[in-house]
Amino acid sequence: MSDAKDQELRALQAALAAEHAAVYGYGVVGGRIGDGQRVEARTAYDAHRARRDALAREVKDLGGRPAAAAAGYALPFPVADSAAAVRLAAELEDRVAGVYSDLVRAAGGGRRMLAAEALREAAVRAVRWRGESVAFPGLAERADTAPPAAAPTP
């Protein structure tokens with residue numbers, strides 16, 4: 001397998017793993033979310049299940065074996081009420097957007113377009129949950145981990 005295809009397969013597997021985690025997370029969200037947002041949570045859950053299934057097919061198409069879901073996932077914080085469920089939903093979407101930004105970079109053609117669409121959808125859902133947007137969805141969390149820019153030489 002070429003290096004580019006191997007990179008694309010790794011990015012697909014990472015996106016698949018993120019979708020597995022999002023499906024699990026939305027199960028938690030659904031158990032705690034208020035009645036007024038239950039439909040939105042169910043819609044997001046269904047969207048992540050559909051993306052997960054499509055990614056598994058894409059991995060197979062590239063000759064890979066789709067990553068299996070874990071039995072459980074560690075949540076970033078306790079989810080005891082509806083407000084915490086909303087924060088978790090926004091966090092899930094941010095994380096998914098991050099892996100799709102990686103897939104946009106690694107993929108080409110139709111896969112790149114699908115990854116960009118998934119990134120956009122996750123960013124829109126995050127805005128709906130959070131009530132505000134970020135400048136570069138999928139890249140915000142990487143800003144803190146990026147290496148510092150080289151200082152100009154005199």
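A residue counts as buried under 20% relative accessible area, as exposed over 50%, and as partly exposed in between. The model used in these exercises is predicted.

**Exercise 1. Place Ala67 and classify its exposure.**

Step 1. Ala67 sits in the loop between H2 and H3.
Step 2. Its relative accessible area is 28%, so Ala67 is partly exposed.
Step 3. Now look for contacts, leaving aside neighbours within four places in sequence. Ala67 touches Gln13, Leu16 and His20.
Step 4. Check a distance. From C-alpha to C-alpha, Ala67 and Ala17 are 6.5 Å apart, while 50 residues separate them in sequence.

**Exercise 2. Describe the make-up of the protein chain.**

Step 1. Count the elements. There are 5 helices and 0 strands.
Step 2. Read them from the N terminus on. The order is α-α-α-α-α.
Step 3. Turn to burial. Of the 154 residues in the protein chain, 35% are buried.
Step 4. Take the contacts between residues at least 6 apart in sequence. Of these, 76% join residues at least 24 apart.

**Exercise 3. Find how H1 and H2 are oriented to each other.**

Step 1. Start with the axes. Those of H1 and H2 come within 9 Å and cross at roughly 155°.
Step 2. Apply the cut-off. Angles over 145 degrees count as roughly antiparallel.
Step 3. H1 and H2 are therefore roughly antiparallel to each other.
Step 4. Add the handedness. H1 passes H2 in a left-handed crossing.

**Exercise 4. Work out how H2 and H3 pack.**

Step 1. The axes of H2 and H3 are 13 Å apart, and the packing angle is about 30°.
Step 2. That angle makes H2 roughly parallel to H3. The cut-off for roughly parallel is under 35 degrees.
Step 3. H2 and H3 cross in a left-handed way.
Step 4. Name the residues that meet. H2 brings Ala44, His48, Arg51 and Leu55; H3 brings Glu93, Val96, Tyr100 and Leu103.

**Exercise 5. Do the same for H3 and H4.**

Step 1. H3 and H4 pack with their axes 8 Å apart, at an angle of about 160°.
Step 2. This makes H3 roughly antiparallel to H4.
Step 3. The crossing in which H3 passes H4 is left-handed.
Step 4. List some contact residues. On the H3 side they include Val86, Ala89, Glu93, Tyr100 and Arg105. On the H4 side they include Arg112, Leu119, Arg125 and Trp129.

**Exercise 6. Find the aromatic pairs and say what they link.**

Step 1. Rings pair if their centres lie within 6.5 Å. The count comes to 2 aromatic pairs.
Step 2. Tyr24 and Tyr73 form a pair with 5.3 Å from centre to centre and 55° between the planes, and this pair is tilted.
Step 3. This pair links distant parts of the chain. Tyr24 is in helix H1 (residues 3-32), and Tyr73 is in the loop between helix H2 (38-61) and helix H3 (82-106), 49 residues apart.
Step 4. Check exposure. Tyr24 has a relative accessible area of 32%, so Tyr24 is partly exposed. Tyr73 has 24%, so Tyr73 is partly exposed as well.
Step 5. Go to Tyr26 and Trp129. Their ring centres are 6.5 Å apart and their planes stand at 45°, so this pair is tilted.
Step 6. Tyr26 lies in helix H1 and Trp129 in helix H4 (residues 109-130), so the pair ties together parts 103 residues apart in sequence.
Step 7. Both Tyr26 and Trp129 are buried.

**Exercise 7. Find a charge over a ring.**

Step 1. Look at Arg87 and Phe77. The charged end of Arg87 sits over the ring of Phe77.
Step 2. Give the distance. That charged end is 5.1 Å from the ring centre.

**Exercise 8. Is Ala11 buried or exposed, and what does Ala11 touch?**

Step 1. Locate the residue. Ala11 is in helix H1.
Step 2. Its relative accessibility is 9%, so Ala11 counts as buried.
Step 3. Neighbours within four places in sequence are again left aside. Ala11 is in contact with Asp102, Leu103 and Ala106.
Step 4. Compare sequence and space. Ala11 and Arg105 are 94 residues apart along the chain, and their C-alpha atoms are separated by 8.9 Å.

Methods: Residues are numbered from 1 along each chain as its sequence is written. This is a predicted model: local features need pLDDT of at least 70, side-chain atom pairs count only at pLDDT 80 or more; totals for chains, interfaces and linings use all residues. Side-chain values use heavy atoms; hydrogens and water are left out. Rings of Phe, Tyr and Trp (its six-membered ring) pair if their centres lie within 6.5 Å; planes under 30 degrees apart count as stacked, over 60 as edge-to-face and the rest as tilted. Helices (H or I, at least four residues) and strands (E, at least two) are DSSP runs, numbered from the N terminus. Buried means under 20% relative accessible area, exposed over 50%, partly exposed in between (1.4 Å probe, protein chains only). A charge sits over a ring if NZ of Lys or CZ of Arg is within 6 Å of the ring centre and within 35 degrees of the ring normal. Axes are lines fitted to C-alpha atoms, for helices over the stretch in contact, and angles run from 0 to 180 degrees between N-to-C directions. Angles under 35 degrees count as roughly parallel, over 145 as roughly antiparallel, 65 to 115 as roughly perpendicular and the rest as oblique. A crossing is left-handed if the near helix is turned anticlockwise from the far one by less than a right angle, and right-handed if clockwise. Contact means heavy atoms within 4.5 Å.
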